[in-house]
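Here's a quick tour of a protein, pitched for someone new to reading structures. Have a look at the picture first, then work through the points below.

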Amino acid sequence: MSKIKFIFAFLLCAYVCLAANIKHPLHVSTTELNYNQQDKTIEISCRIFTDDFESILAKNYKQKIDLSKPAMKNAMDEVIKKYIAAHLQISANGKPISMNYIGFEIDHEATNIFLEVEKISNFKSAEVTNTILYDLFDDQMSIVHIVRGKTRKSSKILYPDKKFATNF
């Protein structure tokens, strides 16, 4: 229940800040891994505040960043793919796995990034190393959810910590 209250408070804060045209006071991202038993894949989504994400991409890659401009979509896909590969690592069943970048979309104040891991026949454990936006904020919080069937395990990772591991 406290997780629901936390998520509700986060969304309420984000809405109020947007309505008042204020920068958000929280530095938070969420990453969710969802094991698809039927397809034997792990579907991954990351949700990051767009203004923060554009700032770190511009800083790291020294180029104009505009995630909302359709003409720049291919160039933005490349920098996002590089950034996520450098700041999100996942191990399944004790072995590092390679993620396939699917794409991104803007959803109001956030950017959603989609990745997939194929050919995971038996998903028994996971370890997530997440340093998204750690190179921008020293108060960054990463919320990680790992879902396998009806079991959902979640953790809040606070800077400078960067790992969450769980078994099913």
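Two strands pair if DSSP finds at least two bridges between them. Helices (H or I, at least four residues) and strands (E, at least two) are DSSP runs, numbered from the N terminus. With that in hand, strand β1 (residues 28-36) and β8 pair in the parallel sense over eight bridges.

Some ground rules: this is a predicted model, where local features need pLDDT of at least 70 and side-chain atom pairs count only at pLDDT 80 or more, while totals for chains, interfaces and linings use all residues. Residues are numbered from 1 along each chain as its sequence is written, and side-chain values use heavy atoms, with hydrogens and water left out.

**The overall picture**

- The protein has three helices and ten strands, and along the sequence they follow the pattern α-β-β-α-α-β-β-β-β-β-β-β-β.
- Of the 168 residues, 42% are buried (buried means under 20% relative accessible area, exposed over 50%, partly exposed in between, with a 1.4 Å probe and protein chains only).
- The accessible surface comes to about 9500 Å², and 54% of that belongs to carbon and sulfur atoms; such areas come from the Shrake-Rupley method with a 1.4 Å probe, and for residues only the protein chains shown count as cover.
- Take the contacts (heavy atoms within 4.5 Å) between residues at least 6 apart in sequence: 57% of them join residues at least 24 apart.

**Strand β8 and its partners**

- Strand β8 (residues 141-148) is mostly covered, with seven of its eight residues buried.
- On the β1 side, Thr 30 stands opposite Ile 143 in β8.
- β8 also joins strand β9 (residues 151-158) through eight bridges, and these two run antiparallel; here Val 144 sits opposite Ser 155 in β9.
- The β8 and β9 hairpin has two residues between the strands, and Gly 149 takes a positive phi near 65 degrees there.

**The four-stranded sheet**

- Four strands make an open sheet in the order β4-β3-β7-β10, with antiparallel pairing.
- Why is one side of β4 and of β10 left without a neighbour in the sheet? β4 (95-96) and β10 (163-167) stand at the edges with a single partner strand each, so one side of each has no neighbour there.
- Two bridges hook strand β3 (residues 88-92) to β4, and Ser 91 has Pro 96 in β4 as its bridge partner.
- Five bridges join β7 to β10, where Ser 125 stands opposite Asn 167.
- Side chains alternate along β10: Phe 164 and Thr 166 point to one face and are buried, while Lys 163, Ala 165 and Asn 167 point to the other and are not.

**Helix α3**

- The 15 residues of α3 should span 21 Å at 1.5 Å a residue, and the end C-alpha atoms are 21 Å apart, which agrees; the expected span is 1.5 Å times one less than the number of residues.
- Among the buried residues of α3 are Met 76, Val 79, Ile 80 and Tyr 83, and their cover includes α2 (50-61), β3, β5 (100-107), β6 (110-117) and β7.

**A buried asparagine**

- Asn 130 lies in strand β7 and counts as buried because its relative accessibility is 0%.
- Its side chain makes a polar contact with the side chain of Thr 31 (3.1 Å). A polar contact is a pair of N or O atoms within 3.5 Å; within protein, one must be able to donate a hydrogen and the other to accept it, and residues adjacent in sequence count only if both atoms are side-chain atoms.
- Leaving aside neighbours within four places in sequence, Asn 130 touches residues including His 87, Leu 88, Ser 142 and Val 144.
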